[in-house]
Amino acid sequence: MSDIVIQEIADGLHLLRISDTKTRFFEALWEIPEGITYNAYLLETPEGAILFDGWKRNFEKEFVEAVSSIVPPGEIKHIVIHHMEPDHSGTLPKMLELAGEDVQVWGHPFSQKLIEGLYGKSPKFNGVKDGNILEFGGKKLLFVQTPWLHWPETMVTYLPTERILLTGDIFGGYSIPSGVFDDQVDTSEYLTFARKYTVTVIGHYKEKIGKNISKLEKFDIRPKMILPAHGLLWREDPDQIVQAYLDWGSGKPKKGKITVVYSSMYRFVEKAIEVAVDELKKQGFKPVIHRFVDERRDEIGDAISDMVDSEAIVLGTETYESDVFPYTEFLVSEMEKKVHFEKPLLLIAIFGWAGAAGKKLTKKLGECKFDLVDTVEFKGLTTPESEARIREGVGKLIGAIR
Ligand code: FEO
């Protein structure tokens with residue numbers, strides 16, 4: 001599939017999708033070897049066009065060309081902004097310039113301040129409230145605010161006649177799907193990338209997911225087609241992505257899944273973790289393992305994403321300079337914000353000459369209100385005694401699940 005997809009996906013409604021394979025760290029933070037797409041949409045009507053969102057500014061030239069392949073930008077009469085994060089609004093200044101000063105911009109009232117703050121522009125702006133409707137060119141657009149998915153100004157647009165919902169970040173995912181719609185790809189694989197996007201980008205506001213989805217139902221929004229601003233579009237089974245978002249928002253676990261994450265400089269922690277994994281497998285669990293070791297460093301976004309639909313967590317850490325290993329510290333700081341703290345957690349900590357990481361992390365995890373069932377801490381070597389303590393700790397972990 002080409003890097004740019006321009007496709008009419010409903011009567012007069014065009015997808016403008018670009019694949020970004022150059023961004024290594026999304027938001028300069030989350031490593032995404034899987035890539036990402038930016039999806040904007042353009043609706044043609046007899047009275048002019050309506051543009052929904054845009055692309056990252058790096059792709060400004062390509063975006064202007066994509067829009068121009070459908071309509072001259074001067075024929076855009078309305079621009080709808082679902083979300084002002086610059087991965088979607090980066091092309092806005094150029095589009096405002098090309099559309100001309102009469103173009104009407106629609107968005108959450110707070111977006112107006114962000115347009116001024118981020119781009120120094122003051123277009124003709126219509127701040128929308130829940131249930132506001134724009135009728136234009138024979139089309140009807142219903143706007144509903146969806147705050148904190150992912151910024152405070154986020155909103156969605158519903159076309160009630162066509163039952164099409166444009167959702168910005170919501171229901172989006174990382175990766176560059178080989179097809180446009182859910183019926184064209186293996187959604188089970190894609191959902192892993194959608195979960196990672198949800199947890200890393202929206203996870204801090206996870207309690208807002210269920211609230212905002214309930215709010216959409218109050219407006220009788222029952223979409224046949226869901227069009228997010230990243231990743232796959234949903235037309236065969238839109239309920240699948242809605243249910244997945246609800247599950248990730250509430251931390252619903254998959255039976256038997258345990259996420260194991262550890263740091264190990266010289267494989268002493270790894271040996272201890274191998275004992276824990278062996279015990280978990282003996283008890284019928286399926287551990288998913290992420291590691292920070294000398295040969296590889298797994299992505300923290302993948303690790304916290306796996307935690308969200310796990311039944312429990314095993315965390316192994318090195319002691320480093322009388323403190324917690326730095327990558328583990330970063331991991332825990334993100335767990336605190338994005339992982340459901342009620343999940344049972346077993347901590348395994350190793351030290352060379354003085355215990356520090358175990359003590360400090362036990363305190364920190366307690367402050368975060370994680371259900372820390374046990375801390376197993378010992379000097380480097382996994383002795384028969386320490387092995388017995390690890391297996392005992394795993395027993396407590398399993399007991400906290402059942
Ligand atoms: Fe895809 Fe919150 O931006």
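Colleague: Which residue follows α4, and what is its phi?

Modeller: Bear in mind that this is a predicted model. The helix α4 covers residues 109-119. Right after α4 comes G120, and its phi is positive, near 65°.

Colleague: Sticking with α4, which of its residues are buried, and how are they arranged around the axis?

Modeller: The buried ones are S111, L114, I115 and Y119. In general, an α-helix has 3.6 residues a turn, so residues three or four places apart point the same way. Looking down the axis of α4, the buried residues line one face of the helix because they fall within an arc of 105°.

Colleague: Which residues of α4 are exposed on the other side?

Modeller: Turn away from the face with S111, L114, I115 and Y119, which are buried. On the other side of α4, the exposed residues are K113 and G117.

Colleague: What covers the buried residues of α4?

Modeller: Both helices and strands show up in the cover. Among the helices are α2 (86-89) and α3 (92-99). The cover also includes the strands β8 (104-107) and β9 (124-127).

Colleague: Is S111 buried or exposed, and what does S111 touch?

Modeller: S111 sits in α4. Buried means under 20% relative accessible area, and S111 has 0%, so S111 counts as buried. Leaving aside residues up to four places away in sequence, S111 touches I81, M84, F125 and E153.

Colleague: Where is there a cis peptide bond, and what is its omega?

Modeller: Look in the loop between β11 (139-145) and β12 (155-159), where H150 lies. The peptide bond leading from L149 to H150 is cis, with omega near 20°.

Colleague: What is the phi of W148, and how accessible is that residue?

Modeller: W148 belongs to the loop between β11 and β12. Its phi is positive, near 75°, in a residue other than glycine. As for accessibility, W148 counts as partly exposed, at 31%.

Colleague: And A28: where is it, what is its phi, and is it buried or exposed?

Modeller: A28 is in the loop between β3 (25-26) and β4 (30-31). Its phi is positive, about 60°, although A28 is not a glycine. The cut-off for exposed is over 50% relative accessible area, so A28 is exposed with 70%.

Colleague: How far apart are D186 and Y245 in space?

Modeller: D186 is in the loop between β13 (164-168) and α5 (187-202), and is partly exposed at 45% relative accessibility. In sequence, D186 and Y245 are 59 residues apart. In space, C-alpha to C-alpha, they are 18 Å apart.

Colleague: Zooming out, what is the radius of gyration of the protein?

Modeller: The protein has 12 helices and 20 strands, and its C-alpha trace spans about 80 × 35 × 35 Å along the principal axes. For 402 residues, a compact globule would have a radius of gyration near 21 Å. The protein's value agrees with that: 24 Å.

Colleague: What share of the residues is buried, and what share of the contacts joins residues 24 or more positions apart?

Modeller: Of the 402 residues, 57% are buried. Counting contacts with a separation of 6 or more, the share from residues 24 or more positions apart is 72%.

Colleague: How far apart do the centres of the positive and negative side chains lie?

Modeller: First the surface: the protein exposes about 16,700 Å², with carbon and sulfur atoms supplying 51% of it. There are 50 positive and 62 negative side chains. The distance between the centres of the two sets is 4 Å.

Notes: Residues numbered from 1 in each chain as written. Heavy atoms only, no water. Helix = DSSP H or I, 4+ residues; strand = E, 2+ residues; numbered from the N terminus. Buried < 20%, exposed > 50% of the residue type's maximum accessible area, 1.4 Å probe, protein only. Contact = heavy atoms within 4.5 Å. Rg over C-alpha atoms; globule rule 2.2 N^0.38 Å. Areas by Shrake-Rupley, 256 points an atom, 1.4 Å probe, with all protein chains shown as cover. Lys, Arg positive; Asp, Glu negative; His and termini not counted. Charge placed at Lys NZ, Arg CZ, Asp CG, Glu CD. Arc of directions from axis to C-beta.
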